[in-house]
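Here are a few exercises to work through with the structure open beside you. Have a go at each task before you read its solution.

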Amino acid sequence: MLREAEWRRVRGTGVAWGQWHTRVRRELLPKVLVGLVVLVGVLFYVWQQVQVVRLGYEIERLRAEQVTLARGVRELKIAIARLRSLKRVEEVARKRLGMSSGLPGQLILIDRSQTARFNAGEG
Amino acid sequence: MAAVAYRPPRVRVALVLCLITLAFAGIASRLFALQIRDHRVIQAQARRQYQRRIPVAAKRGTIFDRQGRALALSLETASVFVHPGLVENPSAVAGRLGAVLRVPPTQILQRISVDKPFVWIERKIEPDQVEAIARLNLPGVGLVPESKRYYPKKELAAHLLGFVGVDDKGLEGVELRNNRLLGGGTRWVISEVDALGRIVFRKAGDPDPAADLYLTIDEVIQHVAERELAQAVHRSKARAGSVIVMDPRTGALLALANLPTYNPNRSGEFPAFARRNRAVTDTYEPGSAFKLVLAAGALEDRVIRPKDLIYGEGGAIELAGIRIRDHEEHGWMTFRDVLAYSSNVGAIKVSMKLGKERFYGYITDFGFGLRTGIDLPGEVPGLIRRPMEWSRLSIGSLAIGQEIAVTSLQLLTAVAAVANGGTLMRPYVLQATQRSGSREMRETAPVPLRRVVSSETAQVLTAMMVETVERGTGREARIPGYRVAGKTGTAQKLDPETGRYSHSKLIASFVGFVPAESPRLAILVLIDEPRKFRWGGTVAAPAFREIAREALTYFHIPAARSIRAMPVAWGSRESVARVD
């Protein structure tokens with residue numbers, strides 16, 4: 001706008017439009033380009049900041065979700081541990097299923113090392 | 001056409017330049033004030049606006065048994081607090097909180113109506129209550145994340161695990177001993193928040209992860225020990241009891257059970273009597289089980305050999321004016337018989353031959369009068385007087401397990417030394433630690449303390465203990481197919497009212513190991529004040545048998561290897577000596 005106003009002032013002085021325009025373009029273009037680069041840089045910075053904040057919220061949301069899920073997992077682990085309590089298992093086995101401990105002699109443990117030696121033809 | 005030079009209006013330009021310069025000077029001075037002069041104050045104000053200290057529940061490490069089965073673990077929850085000064089309508093807030101927490105509103109109103117800046121309403125509430133209170137969004141009411149400890153197996157290994165207080169700090173047992181390692185509690189993390197108080201960034205990371213603990217305890221053996229102890233105490237109508245199961249090769253405890261017991265999830269509801277880990281905190285006179293220490297010393301010093309003959313004096317001996325009796329009459333008997341039939345007369349005679357200095361040396365070498373060093377809190381050293389403080393009766397009393405106070409753990413550790421060939425091991429319960437999120441395990445190495453007897457002595461004593469079980473007072477501990485080594489003990493308790501030994505209050509015990517030739521399990525069973533089946537051989541030995549039988553099966557220890565004869569040199573018939 002300033003350049004146009006100046007042109008209007010110098011219009012009657014014999015300076016050709018083309019000459020004037022070329023001069024203005026030569027002087028202004030680098031400044032416009034620099035301005036554009038700065039603007040893009042500023043916009044990029046603002047965009048980056050917005051993204052960082054947005055990701056911050058996202059991380060917090062995921063962190064809360066992770067805490068909830070981890071709590072669920074631990075609740076299930078507690079439930080499993082409670083259900084696997086040997087006192088409870090034995091009570092269920094004896095009272096509900098009518099099971100009983102093996103009597104002496106009903107269970108014979110075999111020495112694996114001796115069995116292996118026998119199978120290998122050593123004993 | 002000649003170009004006309006452009007002349008700018010100089011006065012106006014100068015004026016504008018001045019104005020711009022002034023404006024910039026104003027801005028610069030303001031910037032100086034904000035950025036440099038008042039920088040600290042303004043930065044602090046800003047921090048207060050966008051930074052918050054956020055409470056975070058630090059996860060307390062999990063406690064596992066040796067097979068990785070969870071025994072104690074934590075769950076994230078929260079506690080409700082109120083800033084009474086910020087509550088606009090206390091009765092309405094009390095009503096709404098009461099409905100969620102299922103607590104009478106009057107009780108909450110009472111807590112809110114105090115002149116304090118901060119009051120707890122309820123600690124460690126259930127997860128659904130946390131969500132409900134967060135949704136209420138009441139002014140002045142807040143939630144602090146905390147961690148709640150759960151013991152899913154309830155009473156199982158309660159005395160060993162211990163419990164935590166309301167602040168998630170260990171108060172007893174492994175929880176107390178390893179409190180720093182397990183971590184827990186509430187940590188504060190600095191975060192950046194937006195205008196609505198939502199977290200945008202966390203300045204500091206989450207608290208350092210705590211460590212998980214792996215114990216030497218085996219849940220199966222622990223369960224069997226507790227079940228058999230309960231049956232023995234119930235059957236004998238006893239006051240209390242303890243069982244310890246140890247791997248004699250390493251000193252690792254496989255089980256530690258006490259009765260009465262408690263549920264660590266509700267530890268506050270039980271008396272201190274039930275919460276006490278009596279296996280390491282209570283002392284007692286071991287009675288005849290202590291003859292093993294005497295026998296070990298006498299055999300090691302070659303004072304006597306198993307086949308040497310000792311005269312039983314018809315079942316009674318007088319020492320320093322006190323008549324000490326056997327529970328049956330004995331004439332001539334071998335030293336093996338002294339142990340097998342638990343002859344007091346024979347033991348006293350052997351102790352006389354050993355002498356008080358040497359006997360005292362063996363007593364302390366076996367760890368009596370000193371803490372074993374187990375990684376559990378509250379252990380006591382017991383009591384043994386120095387020889388210079390002994391009366392004329394003392395050596396005889398010690399020979400039969402009187403005038404000495406020991407813990408169950410001390411006695412089992414000493415017997416485990418005989419089982420492993422003569423090395424006293426430090427008992428321990430912490431097998432390994434693992435930082436959360438790390439794969440690296442830090443294992444605890446067994447610690448041999450010292451050699452107390454030679455392997456030859458240990459072998460001979462083991463054979464004598466086998467005889468005690470096969471034909472002596474410990475017959476109830478026999479397990480078909482296995483060779484069991486053990487010793488019974490029945491000790492009179494001191495009556496605090498009369499200051500004399502009580503005839504009705506006894507401690508019955510059995511201590512031993514199995515398989516005798518290659519011991520894998522050392523077990524002590526102690527029954528306090530049994531009113532039926534009052535002898536160690538009748539009340540403690542059967543419990544030993546049942547625990548050992550199930551443990552042998554569980555560890556797949558076959559009987560076939562066990563029944564081989566033990567190579568023990570008893571000495572030739574010609575070399576038999578006599579002790580009158």
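**Exercise 1. A strand pair and its sheet**

Which residue stands opposite Ser509(B) in S21(B)? Once you have it, place the strand pair in its sheet.

*Solution.* Keep in mind that this is a predicted model.
- Step 1: look across from Ser509(B), and you land on Leu526(B) of S21(B).
- Step 2: follow the two strands along. S20 (residues 501–514) and S21 (residues 521–528) of chain B run antiparallel and share eight bridges.
- Step 3: zoom out. The pair belongs to an open, antiparallel sheet of five strands in chain B, ordered S10-S9-S21-S20-S19.
- Step 4: find the edges. S10 (252–259) and S19 (485–494) of chain B each pair on one side only.
- Step 5: check the twist, which averages 10° from one strand to the next.
- Step 6: see what packs on the sheet. Helix H17 (residues 408–419) of chain B does, touching S9 (240–247), S10, S20 and S21 of chain B. The direction of H17 makes about 30° with that of S9(B).

**Exercise 2. Two helices crossing**

Work out how H12 (residues 291–300) and H14 (residues 344–354) of chain B sit against each other.

*Solution.*
- Step 1: get the geometry. The axes of H12(B) and H14(B) come within 10 Å and cross at roughly 40°.
- Step 2: classify the angle. Roughly parallel would need an angle under 35 degrees, and roughly perpendicular starts at 65, so H12(B) and H14(B) are oblique to each other.
- Step 3: add the handedness: H12(B) passes H14(B) in a left-handed crossing.
- Step 4: list who touches whom. H12(B) brings Lys291(B), Leu294(B), Gly297(B) and Ala298(B), while H14(B) offers Asn344(B), Ala347(B), Val350(B), Ser351(B) and Leu354(B).
- Step 5: sort the contact by class, and you get five nonpolar, three polar and one charged residues.

**Exercise 3. Backbone oddities**

Most residues other than glycine have a negative phi, and most peptide bonds are trans. Track down some exceptions in the loops.

*Solution.*
- Step 1: start after S10(B). The bond from Leu259(B) to Pro260(B) is cis, with omega near 0°, and Pro260(B) lies in the loop between S10 and helix H10 (272–275) of chain B.
- Step 2: go to the loop between S20 and S21 of chain B, where Pro515(B) sits. Val514(B) and Pro515(B) are joined by a cis peptide bond, with omega about -15°.
- Step 3: check phi at Glu529(B), which is positive, near 55°. Glu529(B) is in the loop between S21 and helix H19 (536–554) of chain B.

**Exercise 4. Confidence**

How confident is the prediction for chain B?

*Solution.* Mean pLDDT for chain B is 88, with 93% of its residues at 70 or more. For the model, ipTM is 0.70 and pTM is 0.81.

Technical notes: Residues numbered from 1 in each chain as written. Chains lettered and ligands numbered in written order. Predicted model: local features only at pLDDT ≥ 70, side-chain atom pairs only at ≥ 80, totals over all residues. Heavy atoms only, no water. Axes fitted to C-alpha atoms, helices over the stretch in contact; angles between N-to-C directions. Helix = DSSP H or I, 4+ residues; strand = E, 2+ residues; numbered from the N terminus. Parallel < 35°, antiparallel > 145°, perpendicular 65-115°, else oblique. Left-handed = near helix turned anticlockwise from the far one by under 90°. Contact = heavy atoms within 4.5 Å. Nonpolar A, V, L, I, M, F, W, Y, C, P; charged D, E, K, R; others polar. pLDDT = per-residue confidence, 0-100. Pairing = 2+ DSSP bridges.
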